[in-house]
Amino acid sequence: MANRDIMPQSAALRSGELLLVLELDHRDIGRVEDRIKARHPEVAVLGTDAAGTTPFP
């Protein structure tokens, strides 16, 4: 796999945002996203590839 642009993640970190990178079984993704949204509605859950790149190539 070639290296990909991590600028979206880098910019978020520089602006003080907290990024969580989780490794989950595919079947657990929806459940975990729902739990985060329920407990922390202020959090933006971007999904598996929101910026079009992986967070850490």
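**Helix 2 and its surroundings**

Val 32 lies in helix 2, which spans residues 29-39, and in this predicted model that residue offers a convenient place from which to begin reading the fold. Once its neighbours within four places in sequence are set aside, Val 32 is in contact with Leu 22 and Leu 24. With Leu 22, the separation can be given both along the chain and in space, for the two residues are ten apart in sequence while their C-alpha atoms are 9.7 Å apart.

The two leucines that touch Val 32 also belong to a feature of the surface, since Leu 22 and Leu 24, together with Leu 18 and Leu 20, make a nonpolar patch of about 450 Å². Within this group, Leu 20 is found in the loop that runs between helix 1 (7-14) and helix 2. Leu 20 counts as exposed because its relative accessibility is 66%, a value that lies over the 50% cut-off for that class.

Seen as a whole, the protein has a secondary structure of two helices and zero strands. Of its 57 residues, buried ones make up 11%, and the protein exposes about 5000 Å², of which carbon and sulfur atoms supply 55%.

The charged side chains come next. Side chains of opposite charge can pair when their charged atoms come close. The structure holds two salt bridges, and one of them joins the side chains of Asp 25 and Arg 27, with a distance of 3.4 Å from N to O. How exposed are the partners, Asp 25 and Arg 27? Asp 25 has a relative accessibility of 41% and therefore counts as partly exposed, whereas Arg 27, at 69%, counts as exposed; the boundary that separates these two classes is 50%.

A salt bridge is also formed between Asp 28 and Arg 31, whose closest N and O atoms are 3.6 Å apart. Arg 31 is partly exposed, because its relative accessible area is 47%, a value that falls between the limits of 20% and 50%.

Beyond helix 2, the chain continues into a segment in which Ala 44 lies. With a relative accessibility of 61%, Ala 44 counts as exposed. The position of Ala 44 can also be related to that of Glu 33, for the two residues are eleven apart along the chain and their C-alpha atoms are separated by 10.0 Å.

Note on methods
Residues are numbered from 1 along each chain as its sequence is written. This is a predicted model: local features need pLDDT of at least 70, side-chain atom pairs count only at pLDDT 80 or more; totals for chains, interfaces and linings use all residues. Side-chain values use heavy atoms; hydrogens and water are left out. Helices (H or I, at least four residues) and strands (E, at least two) are DSSP runs, numbered from the N terminus. Contact means heavy atoms within 4.5 Å. Patches are made of residues with over 30% relative accessible area and no salt bridge: like charges are joined within 9 Å, nonpolar side chains (Val, Leu, Ile, Met, Phe, Trp, Tyr) within 5 Å. Accessible areas come from the Shrake-Rupley method with a 1.4 Å probe; for residues, only the protein chains shown count as cover. A salt bridge is a side-chain nitrogen of Lys or Arg within 4 Å of a carboxyl oxygen of Asp or Glu. Buried means under 20% relative accessible area, exposed over 50%, partly exposed in between (1.4 Å probe, protein chains only).
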